[in-house]
Amino acid sequence: MLYVYQIKKNLKLANPKVLGFIALLLLSSLTIGLSRRLRQEEAANPPASVHILPVETRSATPVNSYPVSRTYTGEIVARRRSELGFERSGQLVFVAVDEGDRVNPGTPLARLDTSRLEAERRQLLAQRSQAVAQLQELQAGPRTETIEAARATVRQINEQLELAQTKRSRREWLYAQGAISREQLDEVAFEASTLTARRDEAKSNLEELLAGTRREQIAAQSASVKQLDARITSIEIDLANSTIKAPFAGTISRRLVDEGTVVSMGQSILHLVEDAGLEARIGVPVTATAQLQVGSQHQLQIGQNTYSATVSSVQPELDSSTRTVSVVLTLEPSAAATVTPGELARWERVESIPTSGYWLPTTALVQGTRGLWSCYVMAKAPKPQENQESPRPASVSSPQSPFHVERRDVEILHTESDRVLVRGTLQPSDQVIVNGVHRLVPGQFVRPAQR
């Protein structure tokens with residue numbers, strides 16, 4: 001009683017405006033609580049007079065990647081292309097082919113003047129024959145007749161020396177008797193000395209002939225023969241290089257000079273393009289090369305036809321202008337009959353892009369605010385809290401568990417035909433409403449459609 005008296009006393013002393021504000025706050029709180037209670041009860045047991053829309057739903061199934069079809073364009077090139085020229089300079093005297101001619105490997109295509117080389121080759125062959133003859137003579141050694149002649153010379157000088165020595169002995173006796181002068185004695189002595197020297201020389205020549213030719217002389221002459229052989233081989237190489245032969249089977253695409261032109265070493269004469277091996281060089285992003293395997297088969301669109309091609313290599317360098325990596329694909333051999341180098345090739349590939357999200361039909365999207373997108377899901381209504389002071393009348397109860405519409409904000413990652421890949425607030429267990437979203441608003445009662 002004292003507490004009530006105190007409240008009444010305070011109310012009498014309070015400002016009437018403050019009391020009115022307090023009463024308004026209490027009334028608002030009571031109204032909000034009652035409204036929330038009614039909504040929960042209506043969600044749990046919607047009135048029988050409310051029309052519940054049937055909706056078609058689909059479970060939100062998460063994915064880790066999605067396929068993307070992309071088309072890359074490249075150029076058809078020949079596997080081998082050669083700018084043919086001579087390895088030496090000279091006058092062009094013969095061109096056997098013209099533009100558009102097909103040639104086989106080893107076919108002579110053009111020839112230079114070789115008259116000077118032929119003359120030099122004949123001269124070297126003559127010098128070699130002379131050098132070989134001298135080498136054979138040295139290897140055979142002196143002839144028997146030469147040795148016998150040298151022996152005869154030695155015997156003859158010995159006989160002359162014996163006669164000179166006999167004369168000297170006689171002259172010495174005569175000189176001792178005073179019959180001859182000293183000058184006559186010296187003449188005989190000098191003659192004997194000269195014959196002795198000649199005898200020694202003849203013996204040395206005979207010994208040299210008997211010993212044969214020295215190995216050093218044979219080796220020096222053999223080296224001269226090899227030197228001449230090397231010069232002849234060099235001339236023969238120049239003669240062979242005076243004729244251009246087809247290194248592979250192909251077609252002459254360009255003829256750059258004609259007969260009578262003096263060409264320099266390395267100057268292009270003909271342009272040869274291989275027919276059998278055709279390749280497509282197509283630039284792709286670096287990220288796309290991780291999914292490529294050398295040897296895998298693919299389909300290329302060239303003109304109106306489709307051809308099978310095999311990935312032969314992936315270039316290791318990045319093109320600075322296109323920022324792509326060149327992929328080389330070898331066409332099937334039958335394509336050489338209908339495909340021409342320089343044509344455009346289109347390569348359509350299906351690439352897998354790793355990302356997490358959900359596939360939804362485009363009919364499930366709802367445009368939100370500020371350019372965002374949403375979708376509707378069918379969720380169960382929350383159960384009302386127990387309150388015995390305000391029971392729900394039994395006449396509005398429903399035998400089925402009710403569902404209502406909830407909004408889920410999503411982000412579109414990829415669009416493909418009539419479906420989109422999204423990510424956002426969706427959960428794997430959500431039942432996404434896929435049709436008739438224009439008739440729905442968040443909080444509306446719905447039920448699953450009979451399939």
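**View 1. Strand β18 and strand β19 run antiparallel in this predicted model.** The two strands are joined by 8 bridges. Strand β19 spans residues 403–416. Across from S374 stands D409 of β19. Strand β18 itself covers residues 373–380. Is β18 mostly covered or mostly open? It is mostly covered, with 6 of its 8 residues buried.

**View 2. Strands β17 and β18 form a hairpin.** Strand β17 takes in residues 365–367. It pairs with β18 in the antiparallel sense, over 3 bridges. L365 has C375 in β18 as its bridge partner. How many residues lie between the two strands of the hairpin? There are 5. R370 sits in the turn and has a positive phi of about 55°.

**View 3. A salt bridge joins R80 to E274.** The side chains meet at 3.0 Å, N to O. R80 lies in the loop between β3 (62–78) and β4 (81–85). E274 belongs to strand β11, residues 268–274. The two residues are 194 apart in sequence, so their pairing ties together distant parts of the sequence. Which of the two is buried, and which is partly exposed? E274 is buried, at a relative accessible area of 5%. R80 is partly exposed, at 39%.

**View 4. R116 and E120 form a salt bridge within helix α3.** The closest N and O atoms are 3.7 Å apart. Helix α3 runs over residues 115–140. The partners stand 4 residues apart, about one turn of the helix. R116 is exposed, with a relative accessible area of 56%. E120 is partly exposed, with a value of 28%.

**View 5. R70, R349 and E351 are linked in a network of salt bridges.** Within this network, the side chains of R349 and E351 meet at 3.1 Å, N to O. Are R349 and E351 buried or exposed? Both are buried. Side chains of opposite charge can pair when their charged atoms come close. Across the whole structure, a search finds 18 salt bridges. Among them are R349 with E351, R80 with E274, and R116 with E120.

**View 6. T324 occupies a loop between two strands.** The strands on either side are β14 (305–318) and β15 (325–331). T324 counts as buried because its relative accessibility is 17%, and the limit for buried is under 20%. Which side chain makes a polar contact with the side chain of T324? The partner is the side chain of T322, at 2.7 Å. Leaving aside residues up to four places away in sequence, T324 touches G283, V284 and P285. In that list of contacts are also E317, L318 and D319.

**View 7. R419 lies over the face of W359.** What is the distance from R419 to the ring centre? It is 3.7 Å. How many aromatic pairs does the structure hold? The count is 0.

Note on methods:
Residues numbered from 1 in each chain as written. Predicted model: local features only at pLDDT ≥ 70, side-chain atom pairs only at ≥ 80, totals over all residues. Heavy atoms only, no water. Salt bridge = Lys/Arg side-chain N within 4 Å of Asp/Glu carboxyl O. Buried < 20%, exposed > 50% of the residue type's maximum accessible area, 1.4 Å probe, protein only. Polar contact = N/O pair within 3.5 Å; in protein donor to acceptor, adjacent residues only side chain to side chain. Contact = heavy atoms within 4.5 Å. Phe/Tyr/Trp six-rings, centres within 6.5 Å; stacked < 30°, edge-to-face > 60°. Lys NZ or Arg CZ within 6 Å of the ring centre and 35° of its normal. Pairing = 2+ DSSP bridges.
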